[in-house]
Amino acid sequence: MPQAEAVALLREGIDAARAGVEARTRDLLRQATELDPDNELAWLWRANSTDHPGEAVDCLRRVLQVNPANEKAKEALPAALVRAAAALPPADRPRAKALLVEATTL
């Protein structure tokens with residue numbers, strides 16, 4: 001039953017995203033991934049709807065844990081890593097450097 005509920009939440013989240021209702025989109029997709037943590041489509045939508053670059057990286061990494069062959073996540077991860085590095089404050093320079101090294105490695 002939780003998986004069916006997660007699918008319904010995902011559909012609602014996609015509809016909200018298409019309607020441009022960002023906060024609702026994020027909330028619905030968060031709920032969907034909590035109910036079904038192995039739903040790679042929900043994680044991809046969540047990665048694309050977040051306004052936090054670090055969260056996008058985490059979501060894409062989760063997609064690749066569920067399915068290492070997911071091409072969309074593999075293609076999106078390097079750019080997400082760069083955005084996450086750029087969003088870090090100057091005090092987090094070592095973390096930013098690690099993210100950029102990972103991005104260039106990919």
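Here are two short exercises on helix packing and salt bridges, with worked solutions.

This is a predicted model, where local features need pLDDT of at least 70, side-chain atom pairs count only at pLDDT 80 or more, and totals for chains, interfaces and linings use all residues. Residues are numbered from 1 along each chain as its sequence is written, and side-chain values use heavy atoms, leaving out hydrogens and water.

**Exercise 1.** Work out how helix 4 and helix 5 are oriented to each other.

*Solution.*
- Start with the ranges: helix 4 covers residues 53-66 and helix 5 covers residues 71-87 (helices are DSSP runs of H or I, at least four residues, numbered from the N terminus).
- Next, take the axes, lines fitted to C-alpha atoms over the stretch in contact, with angles from 0 to 180 degrees between N-to-C directions. They come within 8 Å and cross at roughly 155°.
- Angles over 145 degrees count as roughly antiparallel, so that's what helix 4 and helix 5 are.

**Exercise 2.** Find where the partners of the Glu 102 and Arg 61 salt bridge sit, and say whether they are buried or exposed.

*Solution.*
- First, check the pair: the closest N and O atoms of Glu 102 and Arg 61 are 2.3 Å apart. A salt bridge needs a side-chain nitrogen of Lys or Arg within 4 Å of a carboxyl oxygen of Asp or Glu.
- Now place them: Glu 102 is in helix 6 (residues 93-105) and Arg 61 in helix 4, 41 residues apart.
- Last, look at relative accessible area (buried is under 20%, exposed over 50%, partly exposed in between, using a 1.4 Å probe and protein chains only). Glu 102 has 27%, so it's partly exposed; Arg 61, at 26%, is partly exposed too.

Definitions and conventions: Helices (H or I, at least four residues) and strands (E, at least two) are DSSP runs, numbered from the N terminus. Angles under 35 degrees count as roughly parallel, over 145 as roughly antiparallel, 65 to 115 as roughly perpendicular and the rest as oblique.
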